[in-house]
Amino acid sequence: MDFLQGILENSQYSVVTALILGLMTAISPCPLATNISAIGFISRDIENRKRVFANGLIYTLGRAISYTGLALIIYAGASQMNLSRLFQGWGEKLLAPFLIIAGLLMLDVIKINFPGFTGLTDKIADKGKGSYWSTLILGIVFALAFCPYSGVLYFAMLIPMTVAGADGLYLPLVFALATGLPVIIFAWLLAYSVGSVGKLYNKIRTFELWFRRAVAVIFIIVGIYYILRIYVLR
Amino acid sequence: MKRIILFAAVLAIVAGSISCNNQSDKKEQSAETATADVNVYYFHFTRRCATCMAVEENARKAIEALFPNELNTGEYSFTSLNLDDAGTKEIADRLGVGGQSLLVVRGEKKIDITGSAWMVAHDPEKMKAEIKSGIDKILF
């Protein structure tokens with residue numbers, strides 16, 4: 001962290017600053033927990049290597065949509081004060097129940113049966129052709145869950161640089177790429193290193209069901225971790 | 001597409017359940033509007049990170065070390081306010097505070113040193129320099 005701060009202090013270029021701010025966000029404890037959940041989520045499709053890597057990129061795209069979208073709304077004239085208060089005050093509080101409910105849905109502990117939507121819950125952890133959407137939404141939601149630390153990096157540091165002029169509007173993309181970098185790297189390793197070990201690959205296929213359950217449990221554990229942080233250990 | 005609807009439904013349920021039961025123990029603490037000439041405000045939410053705590057502690061210490069006389073005479077002040085407290089809303093609105101911030105305020109003039117203070121949160125000496133530079137800027 002000190003190393004990154006050193007670069008930040010001496011940086012003359014806003015693109016470097018945005019990159020460093022993103023990396024600092026990625027490795028700070030609270031966003032790291034969401035990134036670990038995301039790595040679990042996208043590696044459910046371990047039997048399809050390309051899909052795992054693509055999911056890593058799509059998760060990062062989801063983050064980029066959130067960060068850029070928020071910046072554009074502020075640039076367009078929305079009150080930065082109100083938006084910042086909303087997301088910094090609520091983002092993290094909403095994340096915990098979201099993770100737990102998503103985990104329970106994946107485990108099929110709770111089923112939501114809307115008329116005409118039967119069997120949906122079976123598909124949430126499905127590797128069917130639509131599953132990129134859930135990864136994208138995961139990226140969007142996780143990015144909006146601002147923690148006390150990442151909230152300052154985004155709203156107090158990145159946003160002023162971004163909305164200073166139209167030529168700064170690409171900076172949230174750089175920031176998003178950096179925040180998603182751990183997930184992209186893991187996705188790449190999973191896709192092209194783990195997958196290439198043939199025997200292990202076949203074993204993973206066998207254990208896939210259990211692997212998916214483990215992912216669901218990770219979501220629930222991370223959700224409980226957030227609840228403890230927010231409501232108990234403060 | 002179905003998944004999008006499902007995720008949206010989950011989000012809606014979560015949002016609904018949270019907004020109903022999040023009346024956490026709000027300590028009613030009226031925001032004292034400091035009457036000093038130069039006010040340093042630290043705004044935060046109830047939930048804070050280690051760095052956030054360090055910013056408050058080191059900023060407070062920096063002012064105490066740099067301007068002990070001005071603090072005693074009431075010329076300068078340091079105030080920490082929780083944005084989750086209802087009483088803080090008025091001053092937060094007036095100063096345009098949207099989240100965690102460290103501000104140097106003098107009359108209508110306001111200098112936001114949040115970003116730079118965050119970068120030196122754990123370094124008391126550098127924090128002193130940031131606070132001093134903020135106060136110098138607002139005086140001249």
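## Buried rings in chain A

A residue counts as buried when its relative accessible area is under 20%. Keep that cut-off in mind for this predicted model, where A:Phe98 and A:Phe142 are both buried. Their ring centres sit 6.4 Å apart with the planes at 85°, so this pair is edge-to-face. The two rings come from distant parts of the chain: helix α5 (residues 80-107) of chain A carries A:Phe98, helix α7 (residues 131-144) of chain A carries A:Phe142, and 44 residues separate them.

## More aromatic pairs

How many aromatic pairs are there over all chains? The count comes to 14. Take A:Tyr67 and A:Phe175: with ring centres 4.8 Å apart and planes at 80°, they too are edge-to-face, because planes over 60 degrees apart get that label. This pair also ties together distant stretches of chain A, with A:Tyr67 in helix α4 (residues 49-75) and A:Phe175 in helix α9 (residues 171-194), 108 residues apart. Both A:Tyr67 and A:Phe175 are buried.

These two belong to a cluster linked by ring pairs, along with A:Phe87, A:Phe146, A:Tyr154 and A:Phe155. Elsewhere, a charge meets a ring: A:Arg51 lies over the face of A:Tyr132, at 4.5 Å from the ring centre.

## The nonpolar cores

In soluble globular proteins, nonpolar side chains tend to be buried together. Here, the largest nonpolar core has 53 residues, and the members touching the most others are A:Tyr154, B:Leu102 and B:Ile131. Which helix gives the most to this core? That's helix α8 (residues 148-163) of chain A, which puts in eight residues. A second, separate core holds 30 residues, among them A:Cys30, A:Phe41, A:Leu95 and A:Ala187.

Back to B:Leu102 for a moment. Leaving out residues up to four places away in sequence, its contacts include B:Val40, B:Tyr41, B:Tyr42, B:Val55, B:Ala59 and B:Phe78. B:Leu102 also touches B:Ile111, B:Asp112, B:Ile113, B:Thr114, B:Ala117 and B:Ile131.

## A hairpin in chain B

Now for the strands. Strand β3 (residues 101-106) of chain B pairs with strand β4 (residues 109-112) of chain B in the antiparallel sense, over four bridges. Within that pairing, B:Val104 stands opposite B:Ile111 of β4(B).

What do β3(B) and β4(B) form? They make a hairpin, with two residues between the strands. In the turn, B:Gly107 has a positive phi of about 60°.

Definitions and conventions: Residues are numbered from 1 along each chain as its sequence is written. Chains are lettered from A and ligands numbered from 1 in the order in which they are written. This is a predicted model: local features need pLDDT of at least 70, side-chain atom pairs count only at pLDDT 80 or more; totals for chains, interfaces and linings use all residues. Side-chain values use heavy atoms; hydrogens and water are left out. A nonpolar core is a set of buried Ala, Val, Leu, Ile, Met, Phe, Trp, Tyr and Cys residues joined through side-chain atoms within 4.5 Å. Buried means under 20% relative accessible area, exposed over 50%, partly exposed in between (1.4 Å probe, protein chains only). Contact means heavy atoms within 4.5 Å. Two strands pair if DSSP finds at least two bridges between them. Rings of Phe, Tyr and Trp (its six-membered ring) pair if their centres lie within 6.5 Å; planes under 30 degrees apart count as stacked, over 60 as edge-to-face and the rest as tilted. A charge sits over a ring if NZ of Lys or CZ of Arg is within 6 Å of the ring centre and within 35 degrees of the ring normal.
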